[in-house]
Amino acid sequence: DLRQRPLPVLRDDLLRRAENTAAWDQVLRRCLPEALAKHCGLVSWDDGKLLFQASSPVWKNKLRLHGREILDCANAAGLHAREIRIRINPSMPEHD
């Protein structure tokens, strides 16, 4: 239960999780065409599910078309994934 954990431990866990997510995001976006990689990003993963965000419905659909490649890339890199979910976030900043 999260309420039983000291605040500094929770903070450290959250920071570690954010750093891991950012690292996996970079790995997975390298598997995509450059234009697409600029408009999407990994938000989280849990229990074999990757949650991505895309900046528009168009980029969401393009990302979905690369779903198999993303799963193959994730599994080859050691992140065991079997499903991709994508949400739209119009305020998402463009990646370099």
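**Exercise 1. Is R29 buried or exposed, and what surrounds it?**

Before the solution, note that this is a predicted model, in which local features need pLDDT of at least 70 and side-chain atom pairs count only at pLDDT 80 or more, while totals for chains, interfaces and linings use all residues. Residues are numbered from 1 along each chain as its sequence is written, and side-chain values use heavy atoms, with hydrogens and water left out.

Step 1. R29 counts as buried because its relative accessibility is 13%, where buried means under 20% relative accessible area, exposed over 50% and partly exposed in between, with a 1.4 Å probe and protein chains only.

Step 2. R29 belongs to helix α1, which covers residues 7-29; helices (H or I, at least four residues) and strands (E, at least two) are DSSP runs, numbered from the N terminus.

Step 3. If neighbours within four places in sequence are set aside, R29 is in contact with A37, C40, G41 and H95, contact being defined as heavy atoms within 4.5 Å.

Step 4. A polar atom of the R29 side chain lies 3.3 Å from the backbone oxygen of A37.

**Exercise 2. Describe the setting of D25.**

Step 1. D25 is also found in helix α1, and D25 is buried, with a relative accessible area of 8%.

Step 2. Not counting residues up to four places away in sequence, D25 touches G41, L42 and H95.

**Exercise 3. Locate the largest nonpolar core and say which elements build it.**

Step 1. A nonpolar core is a set of buried Ala, Val, Leu, Ile, Met, Phe, Trp, Tyr and Cys residues joined through side-chain atoms within 4.5 Å. The largest one has 21 residues, and those with the most contacts inside it are L28, L50, F52 and L63.

Step 2. At least two residues of this core come from each of α1, α2 (34-37), β1 (40-46), β2 (49-54), α3 (57-65), α4 (67-77) and β3 (83-88), and α4 gives the most, with four residues.

Step 3. Take L28 as a case: leaving aside neighbours within four places in sequence, L28 is in contact with L42, L50, F52, I70, C73, A74 and L79.

**Exercise 4. Summarise the chain as a whole.**

Step 1. The chain has four helices and three strands, which follow the pattern α-α-β-β-α-α-β along the sequence.

Step 2. Of the 96 residues of the chain, 35% count as buried.

Step 3. Among contacts in the chain with a separation of 6 or more, 59% are between residues 24 or more positions apart.

Technical notes:
A polar contact is a pair of N or O atoms within 3.5 Å; within protein, one must be able to donate a hydrogen and the other to accept it, and residues adjacent in sequence count only if both atoms are side-chain atoms.
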